[in-house]
Amino acid sequence: MSTSNSGTPSFFSHIPHAITMLFGIIVLVSILTYILPAGTYERVLVDGRSTVVPDSYKTIASTPVGLLDMFKAIPLGFKAAVEIIFIVISGGIMFTFMEKSKAVENAVGTLVNRLGLRNKHLIIVIMTFVYGILGVSVGYENNIAMVPIAAVLSLALGGDLILAAGISVGAMTIGFGLSPINPYTVGTGHKIAELSMFSGALLRSVLCFSALSVMAYYNVRYFKKITLDPNKSLGKGLNVSELALSKPVNEYSLNRKNWMVISIFVLGLIAILYGVFNLHWYINELSAIFLMVALLSGLVSRMSATEMSETVLKAVAISAPGAFMVGFATSIKVLMEMGNIGDTISYQLSVVLQDLPLYASAICMSVSQTVINFFIPSGSGQALATLPVMLPLGESLGLTRQITILAFQIGDGLSNLVNPTLGGLIAMLSMCRVPIDRWIRFIFPVLITLLGMAFLALIVAVATNYS
């Protein structure tokens with residue numbers, strides 16, 4: 001248990017287990033369907049996507065969620081999230097095959113040996129920015145295969161799995177959330193607002209780089225803390241089997257089979273990047289590539305059919321908790337749709353903003369998007385549901401469309417760091433074997449710092465009439 005200097009339990013020690021947390025949210029949403037009126041906006045199809053019509057909100061007949069329906073929402077959540085659930089499993093299978101071949105362990109051991117253990121802090125900083133750039137340029141769930149590599153690297157440096165999550169999941173979430181070229185949030189927002197695609201990139205780029213710098217600093221700070229006192233590690237007791245190096249780093253080298261497995265993995269990543277950007281691939285295609293990489297890795301490593309079968313089942317056993325959490329979290333989205341309260345929450349928050357001063361309205365607009373993000377954990381989905389309402393509201397308050405989109409991006413992107421309803425976050429944390437309750441204890445101070453920095457950027461944007 002984490003305690004303060006006075007010996008009393010800290011705030012973070014009261015964060016419940018991930019299952020308890022999500023079930024609590026499920027119960028809360030179910031109760032809200034009895035308290036909040038059901039309502040909906042009219043929607044029209046724009047380029048094949050459903051977009052809200054401004055000023056079209058209306059209440060409808062209440063649809064409260066009963067006890068049976070509350071529990072029924074759980075299997076329906078798994079049904080809705082089946083693609084993300086399977087990519088967690090397929091990613092786990094791929095990594096377990098690669099680890100079985102010793103390619104990942106030997107590659108990380110050789111890398112650390114070449115760079116030298118004296119450069120641990122530099123390695124952490126560089127890798128934080130590498131993962132951040134992946135988030136900026138490649139996307140979010142598209143990078144799930146890269147997460148376990150950070151786990152092996154962190155343990156090789158003497159860190160823990162929490163540090164691994166900070167290097168990979170933290171950096172990719174920040175990079176993706178604040179990316180000046182994010183097609184799901186900024187791109188969709190600019191299309192709705194009829195602005196030049198990815199315009200206003202300078203301020204977003206500065207904010208994104210600054211946020212990644214904070215993440216890198218915090219990762220190094222945490223590493224120093226647990227190096228001096230291992231008892232302060234938030235990763236104590238987490239399963240590190242098949243992830244930790246099995247021998248001193250100076251004994252590592254890469255053999256022919258290792259190079260073949262790494263080459264197959266790299267070719268798989270190239271295929272994914274090409275497919276995502278040119279063929280509109282998404283989750284299912286990525287899962288297919290992961291399974292192909294796993295099979296080829298097993299073949300070049302000369303595993304027998306029995307060994308490969310046992311490796312698959314072992315990978316599924318390791319991945320199952322994370323896959324379960326993804327489906328469980330998606331149940332909350334299903335409940336919102338059952339109760340028809342998602343649009344009501346968006347509408348009520350927009351009403352609150354109407355009478356606020358200029359600077360306060362920009363910050364509170366971002367806060368309102370943070371709240372909405374816990375109920376609509378999809379960047380493009382949230383943009384389509386809220387920006388048609390927020391953009392004209394912002395203009396009536398004196399905010400440019402660019403400021404409204406920046407407020408939306410900040411509220412959506414940064415809250416993803418602690419959003420238990422976001423399947424991608426749960427999936428990637430599971431690849432690091434980190435439960436979300438421990439993750440929140442680690443990342444919460446970073447989130448507060450980044451929100452302060454982002455709100456300052458919003459104030460600058462308002463002061464300069466950012467457009």
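Tutor: In this predicted model, contact means heavy atoms within 4.5 Å.

Student: Which helices do the buried residues of helix 4 pack against?

Tutor: Helix 4 covers residues 103–115. Its buried residues include Val104, Val108 and Val112, and also Glu105 and Asn106. The buried residues of helix 4 pack against helix 3 (82–100), helix 6 (147–157) and helix 10 (256–278).

Student: What phi does glycine 116 take, just after helix 4?

Tutor: Helix 4 has 13 residues and reaches 18 Å from its first C-alpha to its last, close to the 18 Å expected at 1.5 Å a residue. Glycine 116 comes just after helix 4, and its phi is positive, at about 90°.

Student: Why are helix 1 and helix 2 oblique to each other?

Tutor: Two packed helices are described by the angle between their axes and the distance between the axes. For helix 1 (residues 18–35) and helix 2 (residues 67–80), the axes lie 10 Å apart. Angles over 145 degrees count as roughly antiparallel and 65 to 115 as roughly perpendicular, with the rest beyond 35 degrees oblique. Helix 1 and helix 2 are therefore oblique, given their packing angle of about 130°.

Student: How many nonpolar, polar and charged residues are in the contact of helix 1 with helix 2?

Tutor: From helix 1, Phe23, Ile26, Val27 and Ser30 meet Met70, Phe71 and Ile74 of helix 2. By class, this contact has six nonpolar, one polar and no charged residues.

Student: Is leucine 384 buried or exposed?

Tutor: Leucine 384 is placed in helix 15 (residues 379–397). Buried means under 20% relative accessible area. Because its relative accessibility is 11%, leucine 384 counts as buried.

Note on methods
Residues are numbered from 1 along each chain as its sequence is written. This is a predicted model: local features need pLDDT of at least 70, side-chain atom pairs count only at pLDDT 80 or more; totals for chains, interfaces and linings use all residues. Side-chain values use heavy atoms; hydrogens and water are left out. Helices (H or I, at least four residues) and strands (E, at least two) are DSSP runs, numbered from the N terminus. The expected span of a helix is 1.5 Å times one less than its number of residues. Buried means under 20% relative accessible area, exposed over 50%, partly exposed in between (1.4 Å probe, protein chains only). Axes are lines fitted to C-alpha atoms, for helices over the stretch in contact, and angles run from 0 to 180 degrees between N-to-C directions. Ala, Val, Leu, Ile, Met, Phe, Trp, Tyr, Cys and Pro count as nonpolar, Asp, Glu, Lys and Arg as charged, and the others, Gly among them, as polar.
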